[in-house]
Structures are given as structure tokens and as C-alpha cells.
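Here's a quick walk through the aromatic side chains of a structure and what sits around them. Have the viewer open while you read.

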Amino acid sequence: MLRIIMAENSSIQLRIRAYCAGYPGSAHDNQVWRNTKQHRDPESNFLENEFVMCDMAYKPSWFCVPAFKCVVGDGLHLHPHKTLFNTLLAKPWVVYEHTMEL
């Protein structure tokens, strides 16, 4: 089984801008993402206010914004600002996930 990961850098237009195919299904999404040209050369692929939405498994950076996750030491509670961010991220993330299922 091959895994295809898409890098979406225009959430307003909902267009697939890049993809990377050819990895086995057992490859972790973050491993595949690190090998894309968007990740290797972000300055050439993202403007200052552009970024990729990603799930919590991805390493955050200025161009890769994952949802916040609860940390055991924090009592499994997120700060209200982080909870709001995750809530606002949820709707476009569902659209993205449905796009990837096509």
C-alpha cells in the first residue's frame, strides 16, 4: 500500500498544491512530510502568513501549525486559548480530511 500525503497551503481556495507519493502505508505522515519540497525549502513555498494545517503528530514550525495536545503534566487540560484554537481548527480540518478521502 502506498501513502499519499498532501500539503495544502491555501485553505481559502481549497486546492491541493502539492503531493508526495510512493511511501509504504507504514510510513508515518510526519516522515513523508519532512521529505517534501515544501518542508525542505519552506521559504520558497510559503509566504509569511501562509502555513499548513496538520494534526498533532507533526512537529510545529513557522509554516506547519498542528492542533494543541494535552500533556499529562498539565492535568490533561488545555488553556482556554488553546482550546479555542483547536475548536476553530476543527472545521477546516474536517474539510481537509474529507478532501483526502476522495
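## Aromatic pairs

Counting rings whose centres lie within 6.5 Å, we get 5 aromatic pairs. Bear in mind that this is a predicted model. A pair of aromatic rings is described by the distance of the centres and the angle of the planes.

Take Trp33 and Phe63: their ring centres are 6.2 Å apart and the planes meet at 50 degrees, which makes the pair tilted. Trp33 belongs to helix α1 (residues 29-34), while Phe63 is in the loop between β3 (52-54) and β4 (64-66), so this pair ties together parts that are 30 residues apart in sequence. Both ends are tucked away: Trp33 is buried, and Phe63 is buried too.

## Phe63 and its other partner

Phe63 also pairs with Trp62. Here the centres are 5.2 Å apart and the planes sit at 75 degrees; since anything over 60 counts as edge-to-face, that is the label this pair gets.

How buried or exposed are the two rings' residues? Phe63 has a relative accessible area of 5%, so it falls under the 20% cut-off and is buried. Trp62 comes out at 44%, which puts it in the partly exposed class. Step back, and Trp33, Phe46, Trp62 and Phe63 form one aromatic cluster.

## The nonpolar core

Which residues make up the largest nonpolar core? There are 7 of them: Trp33, Phe46, Val52, Cys54, Tyr58, Phe63 and Cys64. Trp33, Phe46 and Phe63 will be familiar, as they are also in the aromatic cluster.

Cys54, one of the core residues, has contacts of its own to look at. Leaving out residues up to four places away in sequence, Cys54 touches Cys64, Val65, Pro66, Ala67 and Trp93. Cys64 is on the core list as well.

## Asn30 in helix α1

Back in helix α1, have a look at Asn30. Its relative accessible area is 11%, so Asn30 counts as buried. Setting aside neighbours within four places in sequence, Asn30 is in contact with Ala57, Tyr58 and Lys59. Among these, Tyr58 is a member of the largest nonpolar core.

## Tyr19, out in the open

Tyr19 lies in strand β2 (residues 18-24). Is Tyr19 buried or exposed? With 61% relative accessibility, Tyr19 is over the 50% mark and therefore exposed.

Tyr19 and Lys37 are 18 residues apart along the chain, and their C-alpha atoms are separated by 9.6 Å.

Methods:
Residues are numbered from 1 along each chain as its sequence is written. This is a predicted model: local features need pLDDT of at least 70, side-chain atom pairs count only at pLDDT 80 or more; totals for chains, interfaces and linings use all residues. Side-chain values use heavy atoms; hydrogens and water are left out. Rings of Phe, Tyr and Trp (its six-membered ring) pair if their centres lie within 6.5 Å; planes under 30 degrees apart count as stacked, over 60 as edge-to-face and the rest as tilted. Helices (H or I, at least four residues) and strands (E, at least two) are DSSP runs, numbered from the N terminus. Buried means under 20% relative accessible area, exposed over 50%, partly exposed in between (1.4 Å probe, protein chains only). Contact means heavy atoms within 4.5 Å. A nonpolar core is a set of buried Ala, Val, Leu, Ile, Met, Phe, Trp, Tyr and Cys residues joined through side-chain atoms within 4.5 Å.
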